[in-house]
Amino acid sequence: MSSPRLKLSQPQLHQLNQLVELDRLCLGGLWTPAGYKRELDSPNSSFLVLFLESTQSIIGCGCFWAILEEAHITLLMIHPDYQRQGLGQLLLYGLLKEAVNRHLERATLEVRASNQSALSLYEKFGFQQAGRRKGYYQPTGEDALILWRGDLQRPQFKEQLSDWGPSISDRLNQYDWQLN
Ligand SMILES: CC(C)(COP(=O)(O)OP(=O)(O)OC[C@H]1O[C@@H](n2cnc3c(N)ncnc32)[C@H](O)[C@@H]1OP(=O)(O)O)[C@@H](O)C(=O)NCCC(=O)NCCS
C-alpha cells in the first residue's frame, strides 16, 4: 500500500467546518466559525493546515498573528488520531519558517501550565518561559505560561531551521507519511 499523502497548505473557505470540528476535538471548542473566518481573511494572520488527501480532511492546523515584529502563535493542534507522529513539529516548523519570511523577530504564545506535550514541543524549538498569567484560563483558573523565542532573524536561527528540516522529514518517514 502507498504511503498516506499529506499537504501543508493554507486553508480554504470551504474547510471552515472542518477547522471548527478539529478545534472541538483538540481544544474543546476554542474558536467559533466566525473566528476562523476572520483568520482566513486577515492579512496579518499566517494560517497553515495539514490536509490528508485520502480522506480529504484537515488533521492539523497552526496559526499566528503578525503583530509589529512578533509572531503571536494562536493555534497549534493535531487530530488526536494522528498525534505523536511528528506532525505537530512539522506545523510549528512551518509557522517559524513563515515568521522568518515575514521578517518577524520573535515568536510568542500562551500555553496551559499543565500542557506537558505542548511545553515539550516548544522547548524543542528553543522557546523559553518569559512569564506566567495567573488564573488565565476559565473556568478552571489554570495559569498560562508565556513562552518566547527570540532571534528569528539571526543567521544562527536560519541555520537551525535548515538543520531541523531533515530530522522532521525523518520522523515523517518513520510513520510512513509522504509530504507533497
Ligand atoms: C501539542 C500537539 C500539537 C503536539 O502534536 P504532535 O503531533 O503529537 O507532536 P509531535 O509528534 O510532532 O511531537 C513533537 C514533540 O512534542 C513533544 N510531545 C508531543 N506529544 C507529547 C506527549 N504526549 N508527551 C510528551 N511530549 C510530547 C515531544 O517533545 C515531541 O518530540 P519527541 O517525539 O522527539 O519526544 C498535540 O499534542 C495537540 O494537538 N494537542 C492538543 C492541542 C494543544 O494543546 N495545542 C497546543 C496549544 S498551545
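A residue counts as buried if 20 or more other C-beta atoms lie within 10 Å of its own, as exposed if 12 or fewer do, and as partly exposed in between, with C-beta atoms placed from the backbone. The structure is a predicted model, in which local features need pLDDT of at least 70, side-chain atom pairs count only at pLDDT 80 or more, and totals for chains, interfaces and linings use all residues. Residues are numbered from 1 along each chain as its sequence is written.

**Exercise 1. Describe helix 5 by its length and its burial.**

Step 1. Helices (H or I, at least four residues) and strands (E, at least two) are DSSP runs, numbered from the N terminus. Helix 5 covers residues 155-174, which is 20 residues.

Step 2. The expected span of a helix is 1.5 Å times one less than its number of residues. From its first C-alpha to its last, helix 5 reaches 30 Å, close to the expected 28 Å.

Step 3. The count of buried residues among the 20 residues of helix 5 is zero, and the helix is hardly covered.

Step 4. Asp-176 comes just after helix 5 and takes a positive phi of about 70°. Asp-176 lies in the loop between helix 5 and strand 8 (178-179). Asp-176 is exposed because 11 other C-beta atoms lie within 10 Å.

**Exercise 2. State the order of helices and strands, and judge the compactness of the chain.**

Step 1. There are five helices and eight strands in the chain. Along the sequence they follow the pattern β-α-α-β-β-β-α-β-α-β-β-α-β.

Step 2. The radius of gyration is taken over C-alpha atoms, and the globule rule is 2.2 Å times the number of residues to the power 0.38. The chain has a radius of gyration of 16 Å, close to the 16 Å from the rule for 180 residues, so it is as compact as a globular protein of that length.

Step 3. The C-alpha trace spans about 50 × 40 × 30 Å along its principal axes. Of the 180 residues, 26% count as buried.

Step 4. Two residues are in contact if their C-beta atoms, placed from the backbone, lie within 7 Å. Among contacts between residues at least 6 apart in sequence, 61% join residues at least 24 apart.

**Exercise 3. Find which residues touch the most other members of the largest nonpolar core, and which elements supply that core.**

Step 1. A nonpolar core is a set of buried Ala, Val, Leu, Ile, Met, Phe, Trp, Tyr and Cys residues joined through C-beta atoms within 7 Å. The largest one has 37 residues, and those touching the most other members are Leu-50, Ile-58, Cys-61, Ile-73, Leu-91, Leu-95 and Ala-99.

Step 2. Two or more residues of this core come from each of helix 1, strand 2 (45-52), strand 3 (57-67), strand 4, helix 3, strand 5 and strand 7 (142-149). Helix 3 gives the largest share, seven residues.

Step 3. Take Cys-61 as an example. With neighbours within four places in sequence left aside, Cys-61 is in contact with Pro-11, Leu-19, Leu-22, Leu-48, Val-49, Leu-75 and Met-77.

**Exercise 4. Describe the shell around the ligand by residue and by element.**

Step 1. A residue is near a molecule or strand if its C-beta atom, placed from the backbone, lies within 6 Å of it. The shell holds 21 residues, of which Gln-83, Gly-88, Ser-117, Ser-120 and Leu-121 come nearest to the ligand.

Step 2. At least two shell residues come from each of helix 1 (16-27), strand 4 (70-78), helix 3 (87-101), strand 5 (106-112) and helix 4 (116-124). Helix 4 supplies the largest share, six residues.

Step 3. Ala, Val, Leu, Ile, Met, Phe, Trp, Tyr, Cys and Pro count as nonpolar, Asp, Glu, Lys and Arg as charged, and the others, Gly among them, as polar. On this basis the shell divides into 10 nonpolar, nine polar and two charged residues.

**Exercise 5. Locate the cis peptide bond from Gln-138 to Pro-139, and describe the backbone and surroundings of Arg-84.**

Step 1. The bond from Gln-138 to Pro-139 is cis, with omega near 10°. Pro-139 is placed in the loop between strand 6 (128-137) and strand 7.

Step 2. Arg-84 is a residue other than glycine with a positive phi, near 65°. The loop between strand 4 and helix 3 holds Arg-84. Arg-84 counts as exposed because it has 11 C-beta neighbours inside 10 Å.
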